[in-house]
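Subject: Structure handover and notes

Dear colleague,

I am passing on the structure we spoke about, followed by some notes on what turned up when I went through it. Please read them with the structure open beside you.

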Amino acid sequence: MNRRRTVAIAAGVALAAVAAIAISSRDAGRSVAAPQPTTPARRVDPQQGIHKIKHIIVVMQENRSFDSYFGTFPGADGLPRSPSGRFTTCLPNALTHVCQRPYHDRNDRNAGGPHHAVSAIADINHGKMNGFVNTERASGHVVLCRANPDAATCANDPAGPDVMGYHTAREIPNYWKYAHHFVLQDRMFEPTLGWSVPSHLFLVSAWSARCKSAFNPMSCVSDPGPPPAPADAVPGGPTYPWTDLTYLLHAHHVSWRYYVATGKQPDCTDGDMVCPNAPAQNATKRSIWNPLPGFTDVTETGQKHNIQPAKRYFIDARKGTLPAVSWVVPSEPESEHAPALVSRGQDWVTTVVNAAMRSPAWSSTAVFVAWDDWGGFYDHVAPPKVDVNGYGLRVPGLVISPYARSGMIDHQTLSFDAYAKFIEDDFLYHGRLDPKTDGRPDSRPSVRENLPLLGDLVKDFDFDQQPRPPLLLDPCPKHYAFHADCVQRPPT
């Protein structure tokens, strides 16, 4: 035996002796249990427990960026500041030649900015995120305000855009309470660079496209803009031939309803926010926030009756007859789409959430709240580019459920595709809107729900926790800064 090996053995014996002395000293005066075989750590299935959610409610509001609502929320990826607390971003203004920093906007009515796909590209400005003020300046909105300073869209100072304004718990106390009590998502991106139509198309179908034929799903190509009607579309008939999520729900006998608040919408068909209001909606009429009547497969499968007025939602919630999947969309006054009042929108959402919490189905419900696009308001996070459609800009996202984690800020990269993925995983046994497997081929270039970048909403839940009781909030708190505005809300 060589000297090196002898020294190594001696050192090992010495270390073992020291360890034995330490154990003896530590365990003096008590018996020591015999060593037990090691049990491998239990592997936790991240999807385990998702089926405790039997009712999914997606509430889709309008036109707010994450920074405009939660830019100063503690712990969130909000407006950048220096150690002294000063905002470090200052956006150029080609009109005044003075840069504009974020500021606390205490107004209930905002103006916002243009929100077409071209506006998103200009706002993002190759990832610099500094085009918001100049995009608003160039939109013609200033000219309109100077011509008619009393217009609703000009409630704020017409000399300067309010796209750099942000709100706090003073203006949106209930949203901040939901964020503190449940889950706030600070990387929820609009699924497309476009405005309401493509965003809502993504909400129900995980795609936005323009098609040569209203009846041929293989004739479509991706398009983040407002898709024109195909040449063979019949007036009042379907125009979206690709497959939407309700086709799979119907095939698997999963109940759904799309609840639409009757009323007006602020956008024209070209997305221009200063045009006159569109005609009043009804539940079965296709509109910019209600695309399902335009899907060919909804007509083919006879499902248009599942598109209902929003008042039916409150009846279903009260009776405990909510379907497995619900989408709830507002009308213009409750939408938060500028110039609609912030207070009216929060009032509406609180009423919708309260109805879910009072429902007999609350213990098995998940409510997802988001805003369909950024509305021209500033956000500092450059969106990831996943395909020609998007992602678009960051919007707020909330998860409200008896199984939602408490006070969690979810930093996963998310988009509305995550809602489709959660629905598919819960009710369709991980089925996907995949033209190779869903039984109705279309020409979509990818399955968005399977993108490696996309986070998993299951991580926002703790299905082992005791279901949490409802957090019923006053839709119009007595000490609310905008109390006088929101009490004028007509009965739902």
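How many disulfides does the structure hold? There are two disulfides, and before I describe them I should say that this is a predicted model, so please treat every value below as computed from the predicted coordinates.

**The two disulfides**

One of the disulfides joins cysteine 90 to cysteine 99, with an S to S distance of 1.9 Å, and the link is right-handed, with 85° about the S-S bond. Cysteine 90 is partly exposed at a relative accessible area of 24%, and cysteine 99 is likewise partly exposed, with a value of 40%. The other joins cysteine 211 to cysteine 220 at 2.0 Å from S to S; this link is right-handed too, with 105° about the S-S bond, but here both cysteines are buried.

**The chain as a whole**

The secondary structure comes to 13 helices and 13 strands, and of the 492 residues in the chain 58% are buried. If one takes the contacts with a separation of 6 or more, residues 24 or more positions apart account for 79% of them.

**Strand E9 and its partners**

Strand E9, residues 325–329, is mostly covered, since five of its five residues are buried. Val325, Trp327 and Val329 point one way from the strand, while Ser326 and Val328 point the other way. In a regular strand the side chains alternate between the two faces of the sheet. E9 pairs in the parallel sense with E1 over four bridges, and in that pairing isoleucine 57 stands opposite serine 326. E9 also runs parallel to strand E7 (residues 256–260), to which five bridges join it, and there tryptophan 327 of E9 has tyrosine 258 opposite.

Tyrosine 258, which sits in E7, may be worth finding on your screen. Is tyrosine 258 buried or exposed? Its relative accessibility is 0%, and because buried means under 20%, tyrosine 258 counts as buried. Leaving aside residues up to four places away in sequence, tyrosine 258 touches a list of residues that includes His200, Val204, Trp289, Asn306, Gln308, Trp327 and Val329. Leucine 292 is also among the residues touched; tyrosine 258 and leucine 292 are 34 residues apart in sequence, and their C-alpha atoms are 8.2 Å apart in space.

**Helices H7 and H6**

Ten of the ten residues of helix H7 (residues 196–205) are buried, so this helix is largely enclosed by the rest of the structure. What covers the buried residues of H7 includes E1, helix H8 (245–251), E7, E9 and helix H12 (417–427). Just after H7, alanine 206 takes a positive phi of about 60°.

In helix H6, residues 173–181, the buried residues are Pro173, Asn174, Tyr175, Trp176, Tyr178 and Ala179. They pack against several elements, among them strand E1 (55–61), helix H2 (66–70), strand E4 (183–189) and helix H11 (342–358).

**Cavities**

The structure holds two cavities of 30 Å³ or more, and about 50 Å³ of space lies in the second largest of them. Its lining includes Phe202, Ala206, Trp207, Asp387, Asn389, Arg444 and Arg448, and by class the lining has four nonpolar, three polar and three charged residues.

**Backbone points to check**

Two peptide bonds deserve a look. The bond from alanine 338 to proline 339 is cis, with omega near 15°, and proline 339 is found in the loop between E9 and H11. The bond from glycine 390 to tyrosine 391 is also cis, with omega near 10°, and tyrosine 391 lies in the loop between E10 and E11.

Positive phi values occur at two loop residues as well. Histidine 97, in the loop between H2 and strand E2 (103–104), has a phi near 60° although it is a residue other than glycine, and at 71% relative accessibility histidine 97 counts as exposed. Tyrosine 429, in the loop between H12 and helix H13 (483–486), is not a glycine either and has a positive phi of about 55°; with a relative accessibility of 66%, tyrosine 429 counts as exposed.

With best wishes

Conventions. Residues numbered from 1 in each chain as written. Predicted model: local features only at pLDDT ≥ 70, side-chain atom pairs only at ≥ 80, totals over all residues. Heavy atoms only, no water. Buried < 20%, exposed > 50% of the residue type's maximum accessible area, 1.4 Å probe, protein only. Contact = heavy atoms within 4.5 Å. 1 Å grid on protein atoms, 1.4 Å probe; cavity = no way out; pocket = protein on both sides within 12 Å on 5 of 7 lines; lining within 4 Å. Points joined across faces, edges and corners; volume = space filled by probe spheres on them. Nonpolar A, V, L, I, M, F, W, Y, C, P; charged D, E, K, R; others polar. Pairing = 2+ DSSP bridges. Disulfide = S-S within 2.5 Å.
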